[in-house]
Amino acid sequence: MRKIVLLAGLTLWSAALLAQRPAAPTQNANTRFEQLGPTLPTPNTFRTAAGAPGKDYFQNRADYDIKVELDDANQKIIGTETVTYHNNSTDELKYIWLQLDQNLFAKGSTGSITRTGTINESGMSFNALQNLTSVRERSQQQASDKFGYTITSIKDAKSGKALPYTINQTMMRVDLPTGLKPGGSYSFNVDWNYFVTEYYGRSGMEYFAKDGNYNYFIAHWFPRLCAYNDVNGWQNKQFLGQGEFTLIFGNYKVAITAPSDHVVGATGECQNYKQVLSATQQKRMAQAATSKTPVVIVTQDEAEAALKTKPTDKVGKKTWVYTASNVRDFAFASSRRFIWDAMQTDVYGDGHKIWSMSFYAKEGNPLWGQYSTRVVEHTLKSYGNRTIKYPYPVAISCHATAGGGMEYPMISFNGGRPEADGTYSESTKAGMIGVIIHEVGHNFFPMIVNSDERQWTWMDEGLNTFCQYLAEKEWDYNFPSRRGEPQYITDYMKSDKSVLSPIMTSSDNVINLGANAYAKPATALNILRETVMGRELFDYAFKEYARRWAFKSPEPADFFRTLEDASGVDLDWFWKGWFYGVEPVDQELAEVSWYQVDSGNPELTKAAARAEAKRKAGTIAKQRDAATQAESVVAVDSSMRDFYNSYDPYAVTDSDRKKYQDYLATLSESERKAIETADQNNFYTLSLKNKGGVPMPVIVRMQFEDGTDSVARFPAEIWRFNDVAINKVIVTNKKVTQWTLDPFYEIADIDAGNNSFPRVSQPTRFQLFKQQQRFGGATQNPMQQSRPAQPPATQGSGNKK
């Protein structure tokens, strides 16, 4: 502890200000806390400085009338579409561009031949091998010219005349007979076909050898109009596989012809259930329309009965007709293996009922029958409360392979599969629930708030992962979320900067997409909500963003500006650090100095001096010599003593008291009060370092000697004069025994070891081999281990509903 001497006329408040006077701004602080300025696009009449659509904002539109057949025998899609394109821009268009995403699988596509990787000579997993030999590359090896679109015809819808077109890998330009003027529309027909690939995470088919049948998950299956907007003109980025889809809204009518024993689920509402469902199934559908729990529409027994048919068998056909309004895409799933359950509920309590549905094979049970549809409904409720109410009539979760998921309007393809005996691990259950929340949640980002996925993965995946994290907590307080909490991102943030990408990186160029485009932006938003802005301001601003840009196409600047505009919080420093940079957060509490005011009161100062002298006199030598002190010369011979042998330098004299009273007489009333209460306050100077680079709020926990504690919070602007090292004075009326930075793991600090003062060491644990062999870790599937052993012949492949 050090003493502070107060001079007459200097108040405690001014002393504290002097103690915190900023260092000369020789660091990068001013740059970090200046506005983004020219980094963001200049506001205009299309997109305002507030982050809202401007008075001249526009978006073009495409309406589709599609007839498609699923050729189960040949695993082929055959389709014809009439597209009506509406030019709402201010520009005349001489041609239009369409996306041919299935050409990703065509021989020589950029997405395939630019994939990189290496071989691990010491061995590698099958998953690693498949990552090197991707589905599309393996498909090429099997039939190099089989996959990708075959365009058989493009014609003017009225005249029937052929239209000239040019295919550039996954893009196709159609030249118009005359320029399409602003406000005009044009209709044309396209006929095409392609062979369905193995399911590769976004689309395709899954084959089941035991019954010889397929589950089909059909997406990016028809030639789709590219976006034309005020930012990029025509979207012209090729589909390389990682960056997803940039699309525009429209109305759809789709007639899907499939084998008569297939069950089909799709974007939109089915218009002919009476023609495609049995009378019994229609009754179940009516029951589901008023049920608060899922009702099985197609049972497992019915699905298993259908599996007696093989794709090559001759069966009849059924056509399922779906319509969807104001959607940006269309996908469907088809299989004779599907179980189907559903319920139509008042999700928001406003009288408007929404269908929640699930389609899944028996391999998904018992997990899917118990959880999927209920999770769909929960997701709509959670996301809708944070953004806008779900505007569509239905939301579907489809069970597609063992893991991962993919989203489309009103329908998603989700993983999560128990063991063959119906047991499952906790991680499998949580993974399935999490992926359903995530993929159904994508209906809000980007299906409604229609961001440009081909350019900015984080604008849909990052925002959606953040909402997923919140929905998971609302599903189960103890849900084992993988992303969202700041402490979960620290390992990634510790990585070498050479293998990190800023969040603001184009989708196809992002290194470590999962960490960078999902986890990091989700974590950043969580930090904004919990620490930087607070829940009330953040929730209002986030909802305003969703409201402004529902059924429109925002850019990153629109998001940044809206959150600031609706909250009144300057966040440019945060966007710079978290979205435009790759530096980590690493705050260090380097030192804490303790001060108390020296009041000048001799009764106090001399008593303190006596105690300090006694402490310093307690050396080891003094302690050992105490037994022989009576044998010293001075102790034995009194003639060797003088005044100083009896003098007490710490005794308070009348002179001391007079000087103190004379000093008090010179003080004002407020100064005298400060002196008289000086011993009640402790002044601590915290020496803080920003070792990581990203300035963040400073959160300090103080643990007092009486066992209580307190937390002090200082916004990130504390670093605005010096972003490397600062001092901060904290005044308490209790003595602090322990100081801790970021005590609640709020800011993603990558090194908690330098956050305490005095330092708190944590042991590094090690295992003893004999103990490890005997008491190994928990099994991955405790449910399975707890069951009595059964002969293999009695084990089923899943529970029936």
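Is Val 633 buried or exposed? With a relative accessible area of 59%, Val 633 is exposed, because the cut-off for that class is over 50%. Please keep in mind that this is a predicted model.

## A nonpolar patch on the surface

Val 633 belongs to helix 19, which spans residues 633-636. Together with Val 634 and Met 640, Val 633 makes a nonpolar surface patch of about 270 Å².

## The seven-stranded sheet

Let us turn to the strands. Seven of them form an open sheet with mixed pairing, in the order 5-8-3-2-14-18-16. Its edges are strand 5 (150-156) and strand 16 (269-270), each of which pairs on one side only.

Inside that order, strand 2 (residues 61-71) runs parallel to strand 14 (residues 250-259), and six bridges join the two. One residue pair to look up here is Tyr 64 with its bridge partner Tyr 252 in strand 14. A salt bridge also links Asp 63 to Arg 61, with 3.4 Å between the closest N and O atoms. Asp 63 counts as buried at 19% relative accessibility, while Arg 61 counts as partly exposed at 23%. These two values fall on opposite sides of the cut-off, because buried means under 20% relative accessible area.

## Strand 4 and its partners

Strand 4 (residues 93-99) is mostly covered, with five of its seven residues buried. It pairs in the antiparallel sense with strand 7 (residues 171-180) over six bridges, and Leu 98 has Met 172 of strand 7 as its bridge partner.

Strand 4 also pairs with strand 11 (residues 224-225), again in the antiparallel sense, over two bridges. There, Gln 99 stands opposite Arg 224 of strand 11. Arg 224 has a further role to note: Asp 101, Arg 224, Asp 329 and Arg 454 are linked in a network of salt bridges.

## Strand 21, a buried strand

How many residues of strand 21 are buried? Seven of the seven are, so strand 21 is largely enclosed by the rest of the structure. In a regular strand, side chains alternate between the two faces of the sheet. Here Ile 354, Ser 356, Ser 358 and Tyr 360 point one way, Trp 355, Met 357 and Phe 359 point the other way, and all are buried.

Strand 21 has partners of both senses. Strand 20 runs antiparallel to strand 21, with seven bridges between them, and Ile 339 stands opposite Tyr 360. Strand 22 (residues 394-399) runs parallel to strand 21, joined by five bridges. In that pairing, Met 357 has Ile 396 as its bridge partner.

## Salt bridges that link separate parts

Side chains of opposite charge can pair when their charged atoms come close. By the salt-bridge rule used here, the count comes to 43.

One of them joins the side chains of Glu 363 and Arg 337, at 3.0 Å from N to O. Glu 363 sits in the loop between strand 21 (354-360) and helix 9 (367-386), and Arg 337 in the loop between strand 19 (332-335) and strand 20 (339-345), so the pair ties together parts that are 26 residues apart in sequence. Both Glu 363 and Arg 337 are buried.

Lys 691 and Glu 588 also meet through their side chains in a salt bridge, at 3.8 Å from N to O. Since Lys 691 lies in the loop between strand 26 (682-690) and strand 27 (698-704), and Glu 588 in strand 25 (residues 587-598), this pair ties together parts that are 103 residues apart in sequence. Glu 588 is buried, with a relative accessible area of 14%.

## Helix 13 and the loop before it

Helix 13 (residues 513-532) has a kink of about 30° at Ala 519, shortly before the proline Pro 521. Of the 20 residues of helix 13, 18 are buried, so this helix is largely enclosed by the rest of the structure. Just after helix 13, Gly 534 takes a positive phi of about 90°.

On the other side, the loop between helix 12 (490-493) and helix 13 holds Thr 505. Thr 505 is buried, with a relative accessible area of 13%. Leaving aside residues up to four places away in sequence, Thr 505 touches Gln 455, Trp 456 and Val 510.

How values were computed. Residues are numbered from 1 along each chain as its sequence is written. This is a predicted model: local features need pLDDT of at least 70, side-chain atom pairs count only at pLDDT 80 or more; totals for chains, interfaces and linings use all residues. Side-chain values use heavy atoms; hydrogens and water are left out. Patches are made of residues with over 30% relative accessible area and no salt bridge: like charges are joined within 9 Å, nonpolar side chains (Val, Leu, Ile, Met, Phe, Trp, Tyr) within 5 Å. Accessible areas come from the Shrake-Rupley method with a 1.4 Å probe; for residues, only the protein chains shown count as cover. A salt bridge is a side-chain nitrogen of Lys or Arg within 4 Å of a carboxyl oxygen of Asp or Glu. Helices (H or I, at least four residues) and strands (E, at least two) are DSSP runs, numbered from the N terminus. Buried means under 20% relative accessible area, exposed over 50%, partly exposed in between (1.4 Å probe, protein chains only). Two strands pair if DSSP finds at least two bridges between them. The bend at a residue is the angle between axes fitted to the seven residues ending there and the seven starting there. Contact means heavy atoms within 4.5 Å.
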